[in-house]
Amino acid sequence: MNIFHTYQFLHPQFFWLLLLVPIAIAWKLFVRKKEHAAFTISNINNVKNWVTDSWRIKTIWLPFVLRNAVFVAIIMGLARPQNTSESREETTEGIDIVMSMD
């Protein structure tokens with residue numbers, strides 16, 4: 001069952017902004033990859049275990065992925081998805097009571 005067949009978007013032109021996501025990924029992989037800090041050390045054996053076991057090294061990609069996910073979520077919000085599958089008609093009977101002060 002396709003769950004997206006009941007959704008319509010009020011402003012679908014905002015989805016054109018999703019083309020910026022592959023551009024950001026390409027920029028990160030090819031252009032920004034060359035920009036990295038470097039320093040010279042005399043003996044790599046002392047820092048080898050520290051560099052490979054660091055949680056910062058293992059999760060260095062996480063901010064970039066989360067930033068792109070938030071960007072996609074903002075674009076989805078700007079497009080204003082609306083559920084069109086709900087249609088109901090309610091008829092009720094009752095007494096209207098109005099209190100007014102002069």
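**Exercise 1. Describe helix 4 by its length, and find which of its residues are buried and what covers them.**

Solution. Begin with the length: helix 4, residues 62–79, has 18 residues and reaches 26 Å from its first C-alpha to its last, close to the 26 Å expected at 1.5 Å a residue. The expected span is 1.5 Å times one less than the number of residues, and helices (H or I, at least four residues) and strands (E, at least two) are DSSP runs numbered from the N terminus. This is a predicted model, in which local features need pLDDT of at least 70 and side-chain atom pairs count only at pLDDT 80 or more, while totals for chains, interfaces and linings use all residues. Residues are numbered from 1 along each chain as its sequence is written, and side-chain values use heavy atoms, with hydrogens and water left out.

Next, look for the buried positions (buried means under 20% relative accessible area, exposed over 50%, partly exposed in between, with a 1.4 Å probe and protein chains only). In helix 4 these are Phe64, Asn68, Ile75 and Ala79. They cover an arc of only 55° around the axis, which puts them on the same side of helix 4; the arc is that of the directions from the helix axis to the C-beta atoms. An α-helix has 3.6 residues a turn, so residues three or four places apart point the same way.

Finally, the cover of these buried residues includes strand 1 (7–9), helix 1 (20–31) and strand 2 (81–83). Asn68, for instance, is buried at 14% relative accessibility, and, not counting residues up to four places away in sequence, Asn68 touches Ala24 and Ile25, where contact means heavy atoms within 4.5 Å.

**Exercise 2. Determine where Leu17 lies and which residues are in contact with it, apart from its neighbours within four places in sequence.**

Solution. Leu17 is found in the loop between strand 1 and helix 1, and with a relative accessible area of 33% it is partly exposed. Once the neighbours within four places are left aside, Leu17 is in contact with Phe71 and Ile75. Leu17 and Phe71 are 54 residues apart in sequence, yet their C-alpha atoms are 9.3 Å apart in space.

**Exercise 3. State what is unusual about the phi of Arg80, and where this residue is placed.**

Solution. Arg80 sits just after helix 4, in the loop between helix 4 and strand 2. Its phi is positive, about 55°, although Arg80 is not a glycine. Most residues other than glycine have a negative phi. At 44% relative accessibility, Arg80 counts as partly exposed.

**Exercise 4. Find the aromatic pair in the structure and describe its geometry.**

Solution. A search of the whole structure finds one aromatic pair, and it is formed by Phe9 and Phe15, edge-to-face, with 4.8 Å centre to centre and 90° between the planes. Rings of Phe, Tyr and Trp (its six-membered ring) pair if their centres lie within 6.5 Å, and planes under 30 degrees apart count as stacked, over 60 as edge-to-face and the rest as tilted. Both partners are partly exposed, Phe9 at 32% and Phe15 at 24%.

**Exercise 5. Give the overall pattern of the chain, and say which element has the lowest mean pLDDT and which the highest.**

Solution. The chain has four helices and two strands, which follow the pattern β-α-α-α-α-β along the sequence. The chain averages a pLDDT (the predictor's confidence in each residue, from 0 to 100) of 82, and 76% of the residues score at least 70. Among the elements, helix 2 (residues 45–53) has the lowest mean, 66, and helix 4 the highest, 95. Where pLDDT is low, the predicted coordinates should not be read in detail.
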